[in-house]
Amino acid sequence: MARIAVGGFLHETNTFVPALTLWDAFAQDGAWPGAMEGEAIFAKLAGLNLGISGFMHEATLRGHEVLPLAWAMAQPSGTVSRETFERGCAAIVDRLRGERVDAVYIELHGAMVAEGFDDAEAELLRRVRAVIGPGVPILGTLDLHANVSAALVEEADFLTSYRTYPHVDWGESGKRAALWLDRVLAWGTTPGRAFRQSPFLVPVTTGCTLTEPSRSLYGMIAGIEAETGAALSLNMGFPPADIPDVGPTVIAYAQDRSAADAAADRLFEALLAAEAGFASHRKLSVREAVAEATARAAGATRPVIIADTQDNPGAGSPSNTTGLILALLERGAQGALVGIVHDPEAAAAAHAAGLGGTVASLGGGGEGPGQERAAGPWTVAALSDGRFAGTAPMLRSAAVEMGPTAVLAKDGVEVLVATIRQQPIHRETFSHIGRDPRNAGILGLKSSAHFRAGFQEIAEEVLVCLAPGENPEDPEALPFTRIRSGVRRRPRA
Ligand SMILES: [Zn+2]
């Protein structure tokens, strides 16, 4: 039996978003519970589909003792402030002081950027190492969108990443880390490892593992592992991060370095060969998407989904642009339902006005077309406290919190506005407020791919549209200044 300390500090940072991310964003309950320390980790995270939940479950089954440190995760957003980073690190590191542990597991995202630290996770692990000393393995899980650096691979003894996007295997990845923990402890030496960085970036939506070429690439991993005995991770990277180590990577571990290298090369060659497949994905302008959706919806019994990927809060966008809503109104679309628009003022105004009342405008706040407020009057069609149990397999959660929420209607378009920023992952996002998404003709979702975990199975078709937002689908549009040289901003056909 080993004694294993567990914790987590997760953020996916869009460095092109101007506002800093402060501690409040980590402390707040929302799509997942807010920051916590100690025994609360058992009470609040057991049974969720998170890395730490899967790790604790499997490690306990295997007879290990788990020492809970601290865990915090915020919605993707701008660079993490120095004070916030220090607080998150200290919560983990301070609880480790004076403890004798056999290993440490830290749930990471892998794309956190903090003021002063391009590679925030490597810095966190350095601080963990400084407390526990040499010889105690540090293991971690990473998001499929991690921007991994050589330094992070150096600091950790074992990392493993999700293999699905939507991330339905988030918890499974934690279990996998616990399985490998026993091998790493048995080896008694730090594992051999290999690390490869892609020469091209992959746009966020095209990394979805329900579509090619990602489906086939991720499908190869288990086979290569079975043949080689190595552990492999393929990370798609998170493009809107102006740091040297942005982009896809492959990581491999084995008992010796040469075995890790051989396994890494097989997966890396497959990634390179998939470049044209990534380049072939079709995206539509917002007008094209609305025209196509309107035509398709006319003869359909299931909703046509338009993914408003560029305003995906899951990639750090504010989730309040109105380009898609305005295009639906302009087209005269009927039976359209759009969400989640993050607009606490409109939600509060709707609750004050009551059912049947009106709200003058909603959304907007940015500069430029499609970012202005959508003028009303909008009729208050439904109200809720924004609390529901979410059942989508990616993030099943007994207590999702959106804060005061409303459905606002104008002509044939209904918009769900909420107080706590998050993306629509669960169908209950809409059904809890009396809007069964299966009954919508057109469903506009501010999400890149995670929505597919809950919505793909009810959709007639999914269209990806390029309405305004701070998550440009084409990384070529991002004003990089610090990306390492020689990286293609988009995959080449
Ligand atoms: Zn991700």
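Guide: Two residues are in contact if their C-beta atoms, placed from the backbone, lie within 7 Å. Please keep in mind that this is a predicted model.

Visitor: Which residues does Gly386 touch, not counting residues up to four places away in sequence?

Guide: With those neighbours left out, Gly386 touches Glu401, Met402, Gly403, Pro404, Thr405, Ala418, Thr419 and Ile420. Gly386 itself is found in the loop between strand E14 (374–384) and strand E15 (387–390).

Visitor: Why is Gly386 called buried?

Guide: A residue counts as buried if 20 or more other C-beta atoms lie within 10 Å of its own, and Gly386 has 23 other C-beta atoms within 10 Å, so Gly386 is buried.

Visitor: What makes H11 oblique to H12?

Guide: The axes of helix H11 (residues 286–298) and helix H12 (residues 323–331) come within 9 Å and cross at roughly 50 degrees. Angles under 35 degrees count as roughly parallel and those from 65 to 115 as roughly perpendicular, and roughly 50 degrees falls in neither range, which means that H11 is oblique to H12. The crossing in which H11 passes H12 is right-handed, and the contact is made by Val286, Arg287, Val290, Ala291 and Thr294 of H11 together with Gly323, Leu324, Ala327, Leu328 and Arg331 of H12.

Visitor: Which residues touch the most other members of the largest nonpolar core?

Guide: That core has 152 residues, and Ala252, Leu408, Val417, Ile442 and Cys465 touch the most other members. At least three residues of this core come from each of domain 1 (3–279) and domain 2 (284–472). Not counting residues up to four places away in sequence, Leu408 touches several residues, among them Ala346, Trp378 and Val417.

Methods: Residues are numbered from 1 along each chain as its sequence is written. This is a predicted model: local features need pLDDT of at least 70, side-chain atom pairs count only at pLDDT 80 or more; totals for chains, interfaces and linings use all residues. A nonpolar core is a set of buried Ala, Val, Leu, Ile, Met, Phe, Trp, Tyr and Cys residues joined through C-beta atoms within 7 Å. A residue is buried if 20 or more other C-beta atoms lie within 10 Å of its own, exposed if 12 or fewer, and partly exposed in between; C-beta atoms are placed from the backbone. Domain bounds come from an automatic or database domain assignment. Axes are lines fitted to C-alpha atoms, for helices over the stretch in contact, and angles run from 0 to 180 degrees between N-to-C directions. Helices (H or I, at least four residues) and strands (E, at least two) are DSSP runs, numbered from the N terminus. Angles under 35 degrees count as roughly parallel, over 145 as roughly antiparallel, 65 to 115 as roughly perpendicular and the rest as oblique. A crossing is left-handed if the near helix is turned anticlockwise from the far one by less than a right angle, and right-handed if clockwise.
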